[in-house]
Amino acid sequence: MRAIRVHRFGGPEVLSLESLPDPVASHAQVVVRVHAIGVNPVDTYIREGTYGPREFPFTPGYDASGVIESVGAGVTDWKPGDRVVLYRPAAGTYAERVLSEATALFRLPASATFEQGASLGVPYLTAHVALFGRGRAQRGETVLVHGATGGVGVAAVQLAARAGLRVLGTGGTERGRELVRQQGVERVFDHTKPGCIDEIRSATGGKGPDLIIEMLANVNLENDLALLHTRGRVVIVGSRGTIQITPRHTMRGNLDVLGMSLHNCTPAEIASAFAEIAAGVEEHTVRPIVGTTLPLDQAARAHEQIMAPGAFGKIVLTCP
Ligand code: NAP
């Protein structure tokens, strides 16, 4: 099989396409023939070494979807031919075949394509945990998805709308904002525009949102704290640097600043969130948007694109 391998930390050029022996399932494992792979920003952080040491060589990737090809003798819940979503199997997902434990498998909803299935793991699980786990979102509240045009942002907009929240979003390009408008937001704002925060405040009648799902806290956290309604919460999903904040803002409204990383979720939390996400797919309120599809050998291009401005849904690699 072909797989992307990384032999040293570095830029996108360290992603090399190589031939490897096909994996073989041991007792409790399955082999999945991968059809689509979700590309996430975290794949680039790991590739460049920001997330600490790694054993080389390794295959990157947390998300994929495909069809089970073979199962070990101890696997009873899955069979060859099952369409599955993979989330964080022990082996990386940038490969034509992935060896996985049964605990990393979820059933791919019948109405979803493989490309959509590869978009469900990290983005939708993150959005779900940020909104309902950490953010304690309640029906009728107003949520601002600050950075709504990318993988997590689109997921957060759809899941919040499905749960009966009033949803506001932001995007950096008109193309991205138009995409967000189609996902169930009431208003969408331009986060590159100086008056953006004032516009959001007036759209909430001067009160501010109850909850902010924040994709770039190192740029926005100070403004978020000044904007939030009383007893508001900001959940930090993404941050790429440092920022100075005014702690007094939190006292004004008994505000909560909450960090979140999907890595801290228990398997039970992941399974419960995925069950709700899959229900949303079946009822068509959850519709992953795949903006870019590239073949596996274009992984380096996908890594360049995901770190560039102008997000438009998910970037997916395919293994036809
Ligand atoms: P993505 O698809 O690349 O999207 C990035 C998003 O950030 C886009 O919506 C982009 O908007 C937005 N953005 C850019 N500048 C912004 C600004 N000044 N203010 C607000 N938003 C801005 O990435 P993703 O998969 O959605 O992930 C988003 C972030 O969350 C990344 O930093 C990622 O590492 C992080 N993340 C964290 C977890 C976790 O467990 N904590 C899990 C998944 C992802 P435009 O391109 O339209 O400007």
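Colleague: Which helix gives the largest share of the lining of the second largest pocket?

Modeller: In this predicted model, the second largest pocket holds about 260 Å³ of space. Its lining comprises 13 residues, and those closest to its centre include Thr266, Pro267 and Ile270. The largest share of that lining, three residues, is contributed by residues 267–282, that is, helix 9.

Colleague: How do the residues lining the largest pocket divide by class?

Modeller: The largest pocket encloses about 1400 Å³. Its lining has 49 residues, with Pro41, Tyr45, Met215, Arg240 and Ile306 nearest the centre. Among the elements that give two or more residues to this lining are helix 1, helix 3 and helix 4. By class, the lining divides into 24 nonpolar, 22 polar and three charged residues.

Colleague: Why does the end-to-end distance of helix 4 agree with its number of residues?

Modeller: Helix 4 has twelve residues, and at 1.5 Å a residue the expected span is 16 Å. The expected span takes one less than the number of residues as its multiplier. The computed separation of the end C-alpha atoms agrees with that expectation, being 17 Å.

Colleague: Against which elements do the buried residues of helix 4 pack?

Modeller: Nine of the twelve residues of helix 4 are buried, where buried denotes under 20% relative accessible area. Among these buried residues are Val152, Val154, Gln158 and Leu159. They belong to the buried set that packs against helix 3, strand 8, strand 9, helix 5 and helix 9.

Notes. Residues are numbered from 1 along each chain as its sequence is written. This is a predicted model: local features need pLDDT of at least 70, side-chain atom pairs count only at pLDDT 80 or more; totals for chains, interfaces and linings use all residues. Side-chain values use heavy atoms; hydrogens and water are left out. On a 1 Å grid over the protein atoms alone, a cavity is a set of points where a 1.4 Å probe fits but cannot get out, and a pocket is an open set with protein on both sides within 12 Å along at least five of seven lines; lining residues have an atom within 4 Å of a point. Grid points are joined across faces, edges and corners, and a volume is the space filled by probe spheres set on the points. Helices (H or I, at least four residues) and strands (E, at least two) are DSSP runs, numbered from the N terminus. Ala, Val, Leu, Ile, Met, Phe, Trp, Tyr, Cys and Pro count as nonpolar, Asp, Glu, Lys and Arg as charged, and the others, Gly among them, as polar. Buried means under 20% relative accessible area, exposed over 50%, partly exposed in between (1.4 Å probe, protein chains only). Contact means heavy atoms within 4.5 Å.
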